[in-house]
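User: Please take a close look at chain B of the model shown below and describe its construction in one connected account. I should also like its setting beside the partner chain to be covered.

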Amino acid sequence: MSDHVVSLPAIGGAGGLEAYGPSGPKPRHTFSRRNIFLYGTLIVVALYYLLPLYVMVVTSLKGMPEIRLGNIFSPPMEITFEPWVKAWSSACTGLNCDGLSRGFWNSVRITIPSVILSIALASVNGYALANWRFKGADTFFIILIVGAFIPYQVMIYPIVIILREVGLYGSLSGLVIVHSIFGMPILTLLFRNYFTSMPEELFRAARVDGAGFWGIYFRIMLPMSLPIFVVAIILQVTGIWNDFLFGVVYTRPDTYPMTVQLNNIVNSVQGVKEYNVNMAATILTGLVPLIVYFLSGKLFVRGIAAGAVKG
Amino acid sequence: MNANGSVEVNGSSGANGTSVSIQNLSLNFGAISVLQTLNLDVAEGEFIVLLGPSGCGKSTLLNCIAGLLDVSEGRIFIKGKNVTWEEPKDRGIGMVFQSYALYPQMTVEKNLSFGLRVAGLAKDEIAKRIARAAEILQIEPLLHRKPAALSGGQRQRVAIGRALVRDVDVFLFDEPLSNLDAKLRAELRVEIKLLHRKLENTMIYVTHDQIEAMTLADRIAVMKGGVIQQLDAPQTIYNRPVNRFVAGFLGSPAMNFLDGRLEQADGDWHFVAEDVRIPLATYAFEKDPVPGPAVFGIRPEHVAFNSGTGWPFAATASVEVVEPMGSDTLVWLKLGGQNFTVRVTAERTPNNAEAVGIGFDPMRASLFDAATGNRL
C-alpha cells in the first residue's frame with residue numbers, strides 16, 4: 001500500500017503543477033486532423049446531395065428564355081413564380097388542364113383514410129399477436145410476414161379482378177383498401193415487436209384488474225405506444241403519398257393521385273419541355289413527405305431506436 | 001415427494017376453513033411438464049410461501065391460481081368456489097408483481113383505481129377505498145405522482161395498494177421484493193408481515209429468498225421440479241428437512257454434508273467417514289436404519305467451537321480458511337477428509353492453521369439416504 005504514495009505540493013508552490021504531468025480535462029483542438037477529416041467528409045456529402053435540389057429550386061424560378069442559355073447552376077437573373085402557379089393550377093395532364101391541384105386533393109383523400117385504416121388494423125393485429133397468444137398465432141404471423149416479401153407486381157392483376165368484381169375498381173375507396181392491405185405486413189411486424197417489448201407483467205396486472213381485450217388496448221397499451229404510432233404514421237404517409245404504381249393502376253384519370261399527375265406533366269411528349277414548370281411540380285409533389293420529415297424527424301429516430309433496442 | 005398425496009389443512013394460524021385449495025393440478029407446456037399433480041390447501045388467513053430455485057414452477061403455480069395461465073389438469077378452489085375456468089378478475093384475488101407493473105401513464109391514484117373503474121364502482125366508493133389503502137400503506141403524499149417519479153420501495157407499496165383496494169380474500173405476491181436493494185427489502189418485509197397481521201387475509205407469496213420465506217411464512221412449501229418437496233412450518237423445515245435438497249436449499253451458510261456409511265457395532269449405530277465415527281444414539285431415526293452409504297448433514301451454527309469435550313461427538317481439526325462476516329465468522333475445516341464449516345462468534349475468530357476443537361450433538365443433525373436423498 002505504501003509504495004505509491006505521492007506527496008502533493010501546495011498549489012502554486014515551487015516547481016508548479018506541470019512537473020506532475022496532465023491534470024484536469026484534456027485540451028481539444030478545433031482544427032485537429034480528426035475534425036478536418038470528419039467535417040470535410042460531411043460537408044462534401046451534404047453538398048453532393050443538396051446540389052440537385054439547388055438546381056431544381058433555381059430552375060423553377062427562371063423563365064424559359066433564361067433556361068435556354070444553359071447555365072443550370074447560375075442563380076436566376078429575374079425571379080418569376082409563374083412556373084409554380086402554372087404547375088399548381090393550369091398545367092395540362094392528359095385531358096385536364098387544371099394543374100396539380102386536382103391530384104393534390106386526390107392524394108389527400110387517398111392518404112388520410114389509408115393511413116388511419118392501415119394503422120388501426122395493424123396496431124390491433126400486432127397487439128393481439130403479442131399479448132393474446134391465440135392458437136395458431138405463430139402460423140398467422142409467419143404468413144403475414146411472408147406477404148411482405150412477395151413483389152407487389154405479382155398481385156396487381158388479381159387485385160384488379162377482385163376490385164372489379166366487388167365494384168370498387170377505379171374508385172378512391174378501392175385504392176384505400178389496397179394501400180391498407182399492403183401496409184399490413186410491415187406495420188403488424190412493427191407493432192407486434194413494440195408490444196412484445198413491453199413488460200408482460202403490465203398486461204397481467206391489467207387482466208387481474210379486470211380489463212378485457214379492448215380495455216387493455218385502449219387504456220394501457222395505446223397511451224404507452226406514442227413513439228411507434230409516430231413511426232407508423234411517417235412510414236405510411238410518405239409511402240402512400242409517394243406511391244405511383246397502385247395509383248396509376250387502380251384509379252381513373254379524374255382520380256389520379258399527385259404522383260401520377262406529376263408523371264403525366266413531366267413525361268408529356270407534345271409541345272415544349274417546360275423545365276421550370278416540371279421542376280416546380282416536382283418540388284410541390286415532394287413537399288408533403290418533406291414537411292412530415294422535418295416536423296417529426298426527432299420523434300421518428302426516437303421511435304425507431306426504441307423499437308430496435310427493445311424489440 | 002410427500003405432499004403429493006392430499007395434504008390436510010393443519011390449521012397453523014387460527015384457521016377456520018380452507019381459503020385456497022389446489023387439487024391434482026398439472027400444467028404442461030407441450031411436452032414439458034411444469035407442475036405435476038400438485039395438491040395444496042391453504043387455510044384462511046394463512047401466510048404461505050412458495051420457495052424454490054428458479055425454474056421450479058413456483059411462479060407458474062401462482063399464475064395458475066391467479067388465472068393468468070390455463071391449467072392442463074386439476075381444479076382450483078378459492079373460498080370453496082371452483083374457479084378453474086374463471087377469469088382473473090372473478091377469482092377474488094389481488095396480485096403484486098416483481099416488476100411492480102404499474103401503469104406508467106397513470107398517476108398513483110389512477111393506478112389504484114383502475115381496476116375499480118373497470119368494474120364500474122361508484123365514485124365515492126372508489127375514493128373511500130383509495131383513501132383506506134393509502135392510509136394503510138402511507139402513500140397519501142404520492143397519490144398525484146406518476147410511477148416514474150417514485151422510488152423502488154414506493155412503487156412496490158403502490159403495487160401492494162392496487163391489490164389492497166380490490167378488497168379481496170387472497171393476496172398473491174410474485175417475488176415482490178426481488179428488485180429492491182437489501183436494506184429496503186428488509187424494511188418492506190417487515191411491512192408485509194405487519195400488513196398481514198392487520199388484514200388477516202390469506203397470502204400466497206413466491207420467493208427464492210430463504211430469509212423472506214423463514215421470516216414471513218406460517219408454512220413454507222419448498223418446491224423443486226414442479227413438485228412440493230416439503231410443506232411445513234419454517235422451524236420444522238429448517239430443523240427437520242425431509243430430503244437433502246430441502247436441507248441444502250435452506251440455511252445460509254449452507255448445511256455441512258459428509259458422505260460416509262451407516263454402521264452398527266454392539267447394537268449402537270454410527271456414521272463413519274474415514275477416521276470420523278459419529279455416534280447416533282441421540283439421533284431420532286424416521287425408520288429403522290440399515291447399514292450402507294449415507295449422508296450426514298449438520299448446520300454450521302449447530303457445531304460448538306472450542307467448548308470442551310462434553311459433546312456426544314468431539315474432534316480436533318486445523319483451520320483452513322477464515323471468512324469474517326461482521327456479526328460472526330465462518331471457519332472452514334476438514335473433517336473426515338471433507339469440507340466442514342463452523343459458525344463462530346466474531347470475538348472467537350481463530351487464526352489460520354490453528355488447531356481447534358469442535359463438537360456437536362447428532363440430535364440436531366439430519367441423515368439422508370445417499371441414493372434417494374430422503375431423510376433417514
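Analyst: Two strands are taken to pair if DSSP finds at least two bridges between them. The model described here is predicted, and that definition applies first to an open sheet of four strands in chain B, ordered S2-S1-S4-S5 with antiparallel pairing. Strand S2 (32-43) and strand S5 (81-82) of chain B form its edges, each pairing on one side only. At one of these edges, strand S4 (residues 73-78) of chain B runs antiparallel to S5(B) and is joined to it by two bridges. Within S5(B), Lys81(B) is the residue that stands opposite Ile78(B).

This sheet belongs to a chain with eight helices and 21 strands. The C-alpha trace of chain B spans about 80 × 45 × 40 Å along its principal axes. Two domains are assigned in chain B, domain 1 (18-246) and domain 2 (256-369). Taken over C-alpha atoms, the centres of domain 1 of chain B and domain 2 of chain B are separated by 39 Å. Of the contacts in chain B with a separation of 6 or more, 68% are between residues 24 or more positions apart. Buried residues make up 42% of the 376 residues of chain B.

Further along chain B, strand S20 (355-360) of chain B takes part in two antiparallel pairings. Strand S15 (residues 304-305) of chain B is joined to S20(B) by two bridges, with Ala304(B) opposite Gly359(B). Strand S16 (residues 313-318) of chain B is joined to S20(B) by six bridges, and here Thr316(B) stands opposite Gly357(B).

The loop between S20(B) and strand S21 (366-369) of chain B holds Ala365(B). Is Ala365(B) buried or exposed? A residue is classed as buried if 20 or more other C-beta atoms lie within 10 Å of its own. Ala365(B) has 22 other C-beta atoms within 10 Å and is therefore buried. Not counting residues up to four places away in sequence, Ala365(B) touches Tyr283(B), Phe296(B), Gly297(B) and Ile298(B). Ala213(B), by contrast, is 152 residues from Ala365(B) in sequence and 22 Å from it in space, C-alpha to C-alpha.

Phe296(B), one of the residues that Ala365(B) touches, also appears in the largest nonpolar core. That core has 142 residues, and those touching the most other members are Val49(B), Leu50(B), Ile65(B), Leu172(B), Ile204(B), Ala221(B) and Phe296(B). The largest share of this core, eleven residues, comes from helix H7 (residues 172-197) of chain A. Apart from this core lies another, of eleven residues, including Ala91(A), Leu262(A), Ala281(A) and Leu284(A). In soluble globular proteins, nonpolar side chains tend to be buried together.

Ile204(B) illustrates the larger core at the level of a single residue. Leaving aside neighbours within four places in sequence, Ile204(B) is in contact with Val20(B), Val42(B), Ile48(B), Leu50(B), Leu62(B), Ile65(B), Val170(B) and Leu172(B). Leu50(B), Ile65(B) and Leu172(B) are also among the members that touch the most others.

The setting beside chain A can now be taken up. In contact with one another are 16 residues of chain B and 14 residues of chain A. On the side of chain B that touches chain A, the elements giving two or more residues are strand S6 (93-96) and helix H2 (108-118) of chain B. H2(B) gives the largest share, three residues. By type, the residues on this side of chain B comprise twelve nonpolar, three polar and one charged.

H2(B) also has buried residues, namely Val108(B), Asn111(B), Leu112(B), Ser113(B), Phe114(B), Gly115(B) and Leu116(B). Their cover includes helix H3 (123-137) and helix H4 (152-164) of chain B. After H2(B) comes Gly120(B), with a positive phi near 75°.

Chain A, for its part, is divided into domain 1 (33-80) and domain 2 (101-255 + 282-310), with centres 36 Å apart over C-alpha atoms. Its mean pLDDT is 85, and 89% of its residues reach 70 or more. Among the elements of chain A, helix H4 (residues 101-131) of chain A has the highest mean pLDDT, 94, and helix H13 (residues 275-310) of chain A the lowest, 77. Residues 307-311 of chain A have pLDDT below 50, and this stretch has nine contacts in the model beyond near neighbours in sequence. Where pLDDT is low, the predicted coordinates should not be read in detail.

Definitions and conventions:
Residues are numbered from 1 along each chain as its sequence is written. Chains are lettered from A and ligands numbered from 1 in the order in which they are written. Two residues are in contact if their C-beta atoms, placed from the backbone, lie within 7 Å. Ala, Val, Leu, Ile, Met, Phe, Trp, Tyr, Cys and Pro count as nonpolar, Asp, Glu, Lys and Arg as charged, and the others, Gly among them, as polar. Domain bounds come from an automatic or database domain assignment. pLDDT is the predictor's confidence in each residue, from 0 to 100. A nonpolar core is a set of buried Ala, Val, Leu, Ile, Met, Phe, Trp, Tyr and Cys residues joined through C-beta atoms within 7 Å. A residue is buried if 20 or more other C-beta atoms lie within 10 Å of its own, exposed if 12 or fewer, and partly exposed in between; C-beta atoms are placed from the backbone.
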